Amino acid sequence: MPVPKWLAQVNTRTVNKMELKRGKRPVLTHVGRSSGMTYRTPLDAHPVDGGFIFIVMYGSKGCDWVQNILVAGSATLTIEEQVGDLGSPRLISLEEAKPQVSADTNLVPGRVRGIEYLQMDIQ
């Protein structure tokens, strides 16, 4: 089961703002599917051949950043001031994600089960 929605709201309002201010984490920049506004979401970006995998902790259906990217078909990733365009977003399972990342990557944080993953290709 994904992490509860209320925790996602806490992260959006507090933790994400702190992480953006710190400037230490990768940031996905994406456009709101309804508002057209630009959003910045700090996430762990797990490199894979030709792109990146992102953990979707809260389930893709109720996760705005995931839905925004799926609708737009693209996003921009910033890692340590390096900016790159990503495209071809698709949801994948743990079974699809695991063989693509390094062996020491934890794709199942804590005791959370049923997590989805978003994979995107470098454009």
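The protein exposes about 7,500 Å², of which carbon and sulfur atoms supply 53%. These values, like those that follow, refer to a predicted model. Of the 123 residues in the protein, 37% are buried. Contacts between residues at least 6 apart in sequence were also examined, and 63% of them join residues at least 24 apart.

The secondary structure comprises three helices and seven strands, arranged along the sequence in the pattern α-β-β-β-β-α-β-β-α-β. The seven strands form an open sheet with antiparallel pairing, in the order E2-E1-E5-E6-E7-E4-E3. Strand E2 (38-42) and strand E3 (46-48) occupy the edges; each has a single partner strand, so one side of each is left without a neighbour in the sheet. On average, and with direction ignored, neighbouring strands of the sheet are turned by 35 degrees against each other. At the edge formed by E3, the pairing with strand E4 (residues 51-56) is antiparallel and extends over three bridges. Within this part of the structure, Pro47 stands opposite Phe52 in E4.

Helix H2 (residues 64-72) packs on the sheet, and its direction makes about 60 degrees with that of strand E1 (27-31). Besides E1, the helix touches E2, E4, strand E5 (74-79), strand E6 (82-92) and strand E7 (116-122).

In soluble globular proteins, nonpolar side chains tend to be buried together. In the present model, the largest nonpolar core has 15 residues, and Leu28, Phe54 and Trp65 are those with the most contacts inside it. At least two residues of this core are supplied by each of E4, H2, E5 and E7. When residues up to four places away in sequence are not counted, Phe54 touches Leu28, Leu43, Asp44, Ala45, Trp65, Leu77, Leu86, Glu116, Tyr117, Leu118 and Met120. The list thus includes Leu28 and Trp65, which are named with Phe54 as the residues with the most contacts inside the core. Another core, of 10 residues, lies apart from the largest one; among its members are Val48, Ile55, Leu107 and Tyr117.

A polar residue with a buried position is found in strand E7, namely Gln119. Its relative accessibility is 6%, and Gln119 therefore counts as buried, the limit being under 20%. The side chain of Gln119 makes a polar contact with the side chain of Gln100, at 2.9 Å. With neighbours within four places in sequence left aside, the residues in contact with Gln119 are Val48, Phe52, Ile53, Ser88, Pro89, Arg90, Ile92 and Gln100. Gln100 accordingly appears both in this set of contacts and as the partner in the side-chain polar contact.

The backbone of the loop between E5 and E6 was considered next, with attention to Glu80 and Glu81. Most residues other than glycine have a negative phi. In Glu80, by contrast, phi is positive, near 45 degrees, and in Glu81 phi is also positive, at about 70 degrees, although that residue is not a glycine. Glu80 has a relative accessibility of 72% and therefore counts as exposed, the limit being over 50%. Glu81 is likewise exposed, with a relative accessible area of 77%.

Definitions and conventions. Residues numbered from 1 in each chain as written. Predicted model: local features only at pLDDT ≥ 70, side-chain atom pairs only at ≥ 80, totals over all residues. Heavy atoms only, no water. Helix = DSSP H or I, 4+ residues; strand = E, 2+ residues; numbered from the N terminus. Buried < 20%, exposed > 50% of the residue type's maximum accessible area, 1.4 Å probe, protein only. Contact = heavy atoms within 4.5 Å. Areas by Shrake-Rupley, 256 points an atom, 1.4 Å probe, with all protein chains shown as cover. Pairing = 2+ DSSP bridges. Axes fitted to C-alpha atoms, helices over the stretch in contact; angles between N-to-C directions. Core = buried A, V, L, I, M, F, W, Y, C linked by side-chain atoms within 4.5 Å. Polar contact = N/O pair within 3.5 Å; in protein donor to acceptor, adjacent residues only side chain to side chain.
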